[in-house]
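I opened the notebook with the model on screen. My plan was to go through helices, strands, surface and confidence.

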Amino acid sequence: MSYTPHDVVREKDRLLFTPRGKWVQIVIYTEKCISPKTTLDQFTQTKKEKQIKKGRQPKSSKGKGKTHNNQQKKNTKGKKNKSTKKQTPKTPVEQELTLEEEGRYVALDCEFVGVGPGGYESALARVSLVDYNNAILLDTHVKVDTPVTDYRTFVSGITEEHIQSDTAMDADKCTTLVAKMLKGKILVGHGLKNDLDVLGFTHPWCDTRDTAKYEPFLKKAKKNVLSTLPMPRKLKDLALTKLGREIQKVGESHCSIEDAIAALDLYKKASVKWEDTMKYKANRTREINCQ
């Protein structure tokens, strides 16, 4: 039986090795009940229609369907993975304290005037203490025994009337009172060495939280500077970058209460990691002393 090219449909290809040592492609055709007038395109079209009626996808669209389904599966897998991922709880930044523990914290800030030649030596002119909840414990001006050569009003806000008023405390009484109020407390502040030097007493290092010395608050040394040690940042810069708070505005004098509260809030923001560091240092100190 002879067929025209439209009467047969190509089924599969095979390779045959001939005696001459060459591979020849053999095409096998199978007989289909197609009228001579039916073309190959018409036959494949009818085949697609039958597949659609049976609920199957035609061969030409199977690839697209698979890719679409695969994409859907990937999307759903991604959603499942996102939802099933364990969300690690964030470590608290600020420590939770009892009322008794809060009572141990006191923030200090002082303002000075210049005495001596050129006003380079500092003398105590104002002291401010606030508690953990920013309540004012002490805020007083201090009488200066030696002649003031520079009031530093543009920074300190101190004038002659402040330190000569009747409400200003004597220097000795003030330092005694402050030392008594800080005994057994955790002292918070910025640049506390300057404050304590002028007050005339020290405070235990393990109970001191100085935002000017806390390593994460320090700035890296510049490349063109000989020293590679990190440098302390200004309280004004730390308050702006860490707290989003503007203090010590240009053209305005400093407020010791405002500065003490800013230092305390900076400590609170990093208190958990800070206290872990202090515990480690205290333990290491004990181990070294016991050796």
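**Helix 9**

I began with the span of helix 9, residues 256–269, in this predicted model. At 1.5 Å a residue, its 14 residues should cover 20 Å, and the end C-alpha atoms are 20 Å apart, so the two agree.

Next I asked how many of the residues of helix 9 are buried. The count is 12 of the 14, so the rest of the structure largely encloses this helix. I listed them by name. The run Asp259, Ala260, Ile261, Ala262, Ala263, Leu264, Asp265, Leu266, Tyr267 and Lys268 is buried. Ser256 and Ile257 are buried too.

**Strand 4 and its partners**

I then turned to strand 4, residues 121–131. Of its 11 residues, 8 are buried, so strand 4 is also largely enclosed by the rest of the structure.

Which way does strand 3 run against strand 4, parallel or antiparallel? I found them antiparallel, with 10 bridges between strand 4 and strand 3, residues 105–115. I noted one bridge: Glu121 in strand 4 is the partner of Val115. The two strands make a hairpin with 5 residues between them. In that turn, Gly116 has a positive phi of about 80°.

I followed strand 4 to its pairing with strand 5, residues 136–141. This pair is antiparallel as well, joined by 5 bridges. Here Val127 stands opposite Thr140 of strand 5. Strand 4 and strand 5 form a hairpin too, with 4 residues between them. I picked out Asn134 in this turn, with a positive phi of about 70°.

**Whole chain**

I stepped back to the full fold. I counted 10 helices and 8 strands in the chain. Of its 291 residues, 31% count as buried. The accessible surface comes to about 20,900 Å², and carbon and sulfur atoms hold 54% of it. I also checked contacts with a separation of 6 or more: 54% of them join residues 24 or more positions apart.

**Confidence**

Last, I looked up pLDDT. The chain has a mean of 80, and 67% of its residues reach 70 or more. Where is confidence lowest, and where highest? Strand 1, residues 8–17, is lowest at a mean of 49, and strand 7, residues 186–189, is highest at 98.

I marked residues 1–12, where pLDDT stays under 50; the model gives this stretch 29 contacts beyond four places in sequence. I marked residues 30–37 too, with pLDDT below 50 and 15 contacts beyond near neighbours in sequence. My reminder to self: predicted coordinates should not be read in detail where pLDDT is low.

Key. Residues are numbered from 1 along each chain as its sequence is written. This is a predicted model: local features need pLDDT of at least 70, side-chain atom pairs count only at pLDDT 80 or more; totals for chains, interfaces and linings use all residues. Side-chain values use heavy atoms; hydrogens and water are left out. The expected span of a helix is 1.5 Å times one less than its number of residues. Buried means under 20% relative accessible area, exposed over 50%, partly exposed in between (1.4 Å probe, protein chains only). Contact means heavy atoms within 4.5 Å. Accessible areas come from the Shrake-Rupley method with a 1.4 Å probe; for residues, only the protein chains shown count as cover. Two strands pair if DSSP finds at least two bridges between them. pLDDT is the predictor's confidence in each residue, from 0 to 100.
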